[in-house]
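Colleague: Could you take a close look at one part of this model for me and talk me through what you find there?

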Amino acid sequence: MTTYQDHSEELTGFNDAALSLQACSESVWDKLFDINVKSTWALTKLVAPHMQKKKKGSIIYVGSILTLGQLIPHNAVSGYLVSKSCLLSMSKMVAQQLAPDNVRVNCLLPGLIKTRFGEVLHADKEIYNRILPIIPMRRAGEPHEVAGMAVFLASDDASYITGENFGIGGGTPSRL
């Protein structure tokens, strides 16, 4: 049985390895897409029919505001960004397909959030100090700040919202 600890170490390892497309090995590329795209697609295929049958539901994908290129250059963690970019399009396409059955699909785009996975950006003071001036709120976000938006999107208060991508980045531009 895989534990959370084992999984998080694995994620940290591939996070560090995927710094540029040229440096990204095929195995890291496959892992990025398996975790970020294929698993999202597979879970959607599993849950959507049940939601469609009930004529109600909310699916929330987690992309990244980094895909918009505001915080770090595109050549940094580019394999990760490419895989997360797929979720923006997937949320819009799946939302259109499931909307007639009253199933909503949206995508969160967290910015710099203080999580273990994000340590590559916020734990290194030099990197963190380069990123902070780009964030209008001049701080990293906390996990509960992303969770609040997820709770809202899952609630009936968001019953008329679908096909949207929501930036949660302390004021970092999230619209193209």
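Modeller: Sure, let's start at Asn-102, which sits in the loop between helix 3 and strand 2 (103-110). Keep in mind that this is a predicted model. Phi of Asn-102 is near 65°, so positive, though the residue is something other than glycine. With a relative accessible area of 41%, Asn-102 is partly exposed. In strand 2 (103-110), Cys-107 has 0% relative accessibility and therefore counts as buried.

Now step back to helix 3 itself, residues 78-98, whose axis comes within 9 Å of that of helix 2 (residues 26-54). The two axes cross at roughly 15°, which makes helix 2 roughly parallel to helix 3. The crossing is right-handed. On the helix 2 side the contact includes Trp-29, Phe-33, Trp-41 and Gln-52, and among the helix 3 residues they meet as a group are Tyr-80, Lys-84, Met-90 and Leu-98. By class, the contact has 13 nonpolar, 6 polar and 1 charged residues.

Cys-86 of helix 3 also belongs to this contact, yet at 29% relative accessibility Cys-86 counts as partly exposed. As for disulfides, the structure holds 0.

One more spot goes with Asn-102: Lys-55, in the loop between helix 2 and strand 1 (57-62). Lys-55 has a positive phi of about 60°, although it is not a glycine. At 45% relative accessibility, Lys-55 counts as partly exposed.

Technical notes
Residues are numbered from 1 along each chain as its sequence is written. This is a predicted model: local features need pLDDT of at least 70, side-chain atom pairs count only at pLDDT 80 or more; totals for chains, interfaces and linings use all residues. Side-chain values use heavy atoms; hydrogens and water are left out. Axes are lines fitted to C-alpha atoms, for helices over the stretch in contact, and angles run from 0 to 180 degrees between N-to-C directions. Helices (H or I, at least four residues) and strands (E, at least two) are DSSP runs, numbered from the N terminus. Angles under 35 degrees count as roughly parallel, over 145 as roughly antiparallel, 65 to 115 as roughly perpendicular and the rest as oblique. A crossing is left-handed if the near helix is turned anticlockwise from the far one by less than a right angle, and right-handed if clockwise. Contact means heavy atoms within 4.5 Å. Ala, Val, Leu, Ile, Met, Phe, Trp, Tyr, Cys and Pro count as nonpolar, Asp, Glu, Lys and Arg as charged, and the others, Gly among them, as polar. A disulfide is a pair of cysteine sulfur atoms within 2.5 Å. Buried means under 20% relative accessible area, exposed over 50%, partly exposed in between (1.4 Å probe, protein chains only).
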